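Welcome, and please load the model in your viewer. We will start with the whole chain and then move to a single side chain.

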Amino acid sequence: SIPACDVIAPETLNSSRYTVVMKFDEETLKLHGAVAYLSYSEDVYVSEDHVFLTHAFTGEKENGDGTVTRSRMTEIACLSYGGDSFEKKGSVTVRGYVKDQWSMDAYEGILRVFTTTNGTTVEENVFGYKTSVSEPTNASLYCVDLSTFEVVASVIDFAPPHEVIRSVRFDGESAYVCTSVELSDPVFFFDLSDLGNITYKDTGTIEGFSTSLINLGNGYLLGIGRGGD
C-alpha cells in the first residue's frame, strides 16, 4: 500500500484512476520508493534528475460577450527521485496536449515541451440554442524554468492551421518537429540556444507522416513517412 503522504493530486481532478511511479535497486530489484499520481498520467518522461507526469483536462474561460472558450490543457508535475523518496518539485500548466514522452525534454534547468493546441468557443443565440465554433489545431512550444516553474519562453502556433504534432526529436540546443494534416508534412527545425530569441524554419516535407525522427549525425535527419503512396 502507498501512504497518503505519497499520493500526489493535480490541481484539476477528472478521474479516480492513478499512475504509480516506483524506484528499484537495479541489482537487487528492491523497492526504494513509490508515489501515486491521482487522476493518472497520460505520459511519463524520466530525465537524469526528475520524473515528469502529464495530465490533460479541458479548461474553460468565460468571455466578456457571454461566450465560453474551452481549450485542451495539460498540467505537468515534476518529481525528483535522487533522494530517499520521491519529492514533488512543482507543476506547470500549458495549453494543448502532449503527444508522448519524446515531446518533452529537460536541458540545463529548462523543460522544453511541444504541444498540439486547439480551442472551442461555445455561443448561445437569441432562441437559447447553443452552437460551437472550433478553432483549428496548431502546434506550440513552451520552455519552463524548473526552479520557478514559470514559462520563460514560448512559440505559439508556429505550424500551418489544422496541423498536429506527429513526432519530436530534441538534440541539445536544437529540436526537430514533424507536424501533419494531410500526407505531405513539414519538418521544423528549432534553434533553442537563446531562449530570448528562438528561431525556427521549415526544412521540407516528408511524404506521409513521420512518427519518429532520428538524428544520423553529420547534418542528416532520418524521417520515415507513413500513410503516403
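## The whole chain

Start with a cartoon view of this predicted model: the protein chain has 19 strands and zero helices. Zoom out until the full C-alpha trace fits the window; along its principal axes the trace spans about 60 × 55 × 40 Å.

Now switch on a surface. The accessible surface of the protein chain is about 12,800 Å², and carbon and sulfur atoms supply 47% of that area. Of the chain's 229 residues, 41% count as buried. If you draw a contact map, look away from the diagonal: among contacts with a separation of 6 or more, 43% join residues 24 or more positions apart.

Next, colour by charge. You should find 16 positive and 34 negative charges, with their mean positions 5 Å apart.

## One buried acid

Select strand β6, residues 68–80, and pick out Glu75 within that strand. What is the nearest side chain of opposite charge to Glu75? Select Lys88, which is 4.7 Å away. A salt bridge would need a nitrogen-to-carboxyl-oxygen distance within 4 Å, and Glu75, although buried, has none.

Keep Glu75 selected and add Glu11. The backbone nitrogen of Glu11 lies 3.1 Å from a polar atom of the Glu75 side chain.

Finally, show the neighbours of Glu75, leaving out residues up to four places away in sequence. Glu75 touches Pro10, Glu11 and Thr12, then Tyr37, then Leu53, Thr54, His55 and Phe57, and also Ser91, Val92 and Thr93.

Terms used. Residues are numbered from 1 along each chain as its sequence is written. This is a predicted model: local features need pLDDT of at least 70, side-chain atom pairs count only at pLDDT 80 or more; totals for chains, interfaces and linings use all residues. Side-chain values use heavy atoms; hydrogens and water are left out. Helices (H or I, at least four residues) and strands (E, at least two) are DSSP runs, numbered from the N terminus. Buried means under 20% relative accessible area, exposed over 50%, partly exposed in between (1.4 Å probe, protein chains only). Contact means heavy atoms within 4.5 Å. Accessible areas come from the Shrake-Rupley method with a 1.4 Å probe; for residues, only the protein chains shown count as cover. Lys and Arg count as positive and Asp and Glu as negative; His and the chain ends are not counted. The place of a charge is taken as NZ of Lys, CZ of Arg, CG of Asp or CD of Glu. A polar contact is a pair of N or O atoms within 3.5 Å; within protein, one must be able to donate a hydrogen and the other to accept it, and residues adjacent in sequence count only if both atoms are side-chain atoms.
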